[in-house]
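Could you walk me through this structure, one question at a time? I am new to it and would like to start with the basics.

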Amino acid sequence: MSTVEKFQSEISELIASAVVELGGAEFGASDVSLSAVPENALGDVAFSCFALRGKLAALDDKSRNNPAVIASRLAEILGKSPVFESVVAAGPYVNMTYDAANLSRIVVGEILARGTEFGSLEPKNERIVVEFSAPNTNKPQHLGHLRNNVIGESVSRLLKKSGYDVVKVNIINDRGIHICKSMLSYMLYGNGITPQEAGKKGDHMVGDFYVMFEKAFQAEYKTWLESEAGKAAFEAFVASPAGIKAQKAIDAYAALPEGKKKGKAPADMFSTFKSAEKDAYFNTVSDLGKQATDLLVKWEAGDETVRALWKKMNGWVIDGFMDTYKTLGVSFDKLYFESDTYRLGKDIIEEGLKNGIFYKRPDNATAFDLSRIGLSGEKIVLRSNGTSIYITQDIGTAIERFKDYAYDRMIYVVADEQNHHFKVLFGILGAVRPDLAGRFEHLSYGMVTLPNGRMKSREGTVVDTDDLVAEMARLVRELMDNKSDREHYAQADDAEFDRRALTIALAALKYYLLDVTPASWMEFNPEKSLDLQGRTGAYCLMNYARTRSILRKAGYVHGEGVDDQVLSALKTPQEKKLLLTLMQFQTALKWATDARDPGKMAEYLFNLCKTFAFIFTDKAGHPILTCTDESLKKARLALVDAIGIVLKTGLELLSIDVLEEM
């Protein structure tokens with residue numbers, strides 16, 4: 001069976017052979033780069049001749065430096081091949097038109113034969129570990145986690161489809177002062193309640209107690225700020241170097257003419273002090289801070305009572321996380337827990353200290369000179385008391401994972417606020433383990449927000465993933481219930497409608513979040529994400545469902561009676577455009593995988609849907625179910641089948657489930 005990949009290789013070899021015939025020594029198929037032909041121009045694909053100037057020894061001096069002449073000579077040679085319907089020179093380009101019948105036999109034939117395996121790349125014998133999600137066990141996952149989850153899951157699927165051995169891991173941050181805040185709040189206000197008794201998911205209930213702690217702490221802090229001690233601390237801050245610097249910034253901004261004032265104005269002195277003093281107050285003055293810190297100390301000392309409460313509350317939260325992941329279609333090969341990894345790395349730092357990679361500061365802290373990796377300053381890796389910080393355990397965890405999986409590459413899906421952290425981490429890892437240098441990637445992504453007032457969160461500032469998914473499903477169900485043709489789906493009960501609503505909601509969410517380059521900040525618009533005529537997941541689902549509906553109505557059986565002669569009937573420009581788009585699936589896969597950007601696949605799927613929609617709506621020029629030519633009808637049904645297969649395959653790479661009917 002001929003395949004798209006073999007066909008594309010054959011085209012590259014034909015072009016390379018023609019170049020060699022004209023004296024292009026050492027020019028091979030791998031040197032051939034093809035591009036799309038401009039709209040309304042003759043041809044399906046183009047080859048640029050600019051790079052061949054001066055390199056074709058068989059041409060005279062004048063001709064070999066003229067890309068237009070080179071294109072003309074190449075067109076003469078390539079035009080003799082039966083693979084092409086026509087070959088013409090268009091200035092410095094060679095424009096080639098494929099034979100439609102041959103293209104149909106190759107493209108549709110391979111898709112029908114391979115099904116959802118179509119486009120899969122050969123195994124690369126290379127293992128990639130992808131770490132994503134990394135939630136804290138003191139609250140539910142929020143909108144930022146949702147973007148992280150869908151990017152991590154989709155990139156993992158793209159990599160696997162591209163032939164990599166992929167391992168998905170998640171490190172759950174289940175220890176630290178933030179966890180102890182939730183624990184203390186539960187001890188003070190919980191009265192032993194369980195998630196079952198509260199009627200809530202465990203992560204939501206524990207998150208409520210975290211919010212209670214923050215509210216109680218803010219009230220305590222406000223009282224202190226208004227006390228004599230607080231006022232004295234404010235006066236001391238005003239006179240301090242930090243206070244003087246803050247006042248200068250305020251005065252400088254105020255002195256600017258109105259037209260010159262750009263960006264956000266500096267906060268007033270009291271607000272600056274309030275923000276700067278908060279951590280110091282928590283650590284040295286606050287009664288709540290002292291109680292939470294005492295819990296952390298007891299936890300680290302292994303206190304049985306504290307550990308039992310920690311284990312119970314973490315269990316509630318993790319159960320909640322698992323439910324969220326299940327709903328999202330996200331899974332992991334291994335869960336790591338910070339409570340198991342936080343001690344990792346200290347021995348590596350000690351070894352590096354002996355080898356001169358790290359050094360002791362005057363305060364006895366251990367540090368790394370960042371100039372060694374092209375950055376400025378230094379990075380503390382062990383505090384003066386010998387305790388570790390986050391980067392210490394990150395170093396240890398990366399090396400521990402290499403012991404677990406012997407990865408060739410490790411990708412961290414983490415928000416862009418950690419860009420500098422990962423530059424430092426990767427540099428230090430390369431210094432302590434040269435064999436791991438260059439194996440690490442930070443897949444950085446930007447913040448995602450909602451239009452103001454669109455959806456409320458429990459806290460008023462952070463939107464929980466579960467709440468957003470539920471609200472989206474409610475919006476979809478409302479749209480479904482309001483459709484005038486509801487009776488068309490009278491056979492579906494409420495449970496089935498709820499299932500479809502959730503599937504469409506998740507498709508809308510995921511596609512919208514993935515259709516933007518990860519590095520970009522974005523705003524998620526619920527209404528736009530559900531537009532059935534726009535570039536949305538809902539639109540893609542609708543077009544997939546259309547393909548299934550057509551095939552059901554036709555009584556079509558996958559591939560039955562479809563042979564090369566039948567497929568040769570697909571010849572119109574619109575049909576050929578669909579064939580060319582289908583042929584580009586593997587190219588889109590490579591593009592999305594190499595760029596670590598699922599948006600490239602989202603873009604491809606939208607373009608495929610648009611091209612199919614033209615055929616679907618052209619009842620006169622491209623009848624399918626009413627086509628009177630039986631052979632052509634079979635060919636068009638096979639084309640519809642192929643489109644559905646590729647849509648399903650591509651949507652699955654975005655972790656989007658399809659619906660056989662909307």
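Here are some questions with their replies.

Me: In what order do the four strands form the open sheet?
Reply: A word on the source first: this is a predicted model, where local features need pLDDT of at least 70, side-chain atom pairs count only at pLDDT 80 or more, and totals for chains, interfaces and linings use all residues. Residues are numbered from 1 along each chain as its sequence is written, and side-chain values use heavy atoms, leaving out hydrogens and water. Strands are DSSP runs of E with at least two residues, numbered from the N terminus, and two of them pair if DSSP finds at least two bridges between them. The pairing here is antiparallel, and the order is E1-E2-E4-E3.

Me: Which strands stand at the edges?
Reply: An edge strand has a single partner strand, so one side of it is left without a neighbour in the sheet. That applies to E1 (34–36) and E3 (84–90).

Me: How many bridges join E3 and E4?
Reply: Phe 84 has Tyr 98 in E4 as its bridge partner. The two strands form a hairpin with two residues between them, where Gly 91 takes a positive phi near 65°. Their antiparallel pairing runs over six bridges.

Me: How many of the residues in E4 are buried?
Reply: Buried means under 20% relative accessible area, with a 1.4 Å probe and protein chains only. E4 is mostly covered, and of its six residues the buried ones number five.

Definitions and conventions: Buried means under 20% relative accessible area, exposed over 50%, partly exposed in between (1.4 Å probe, protein chains only).
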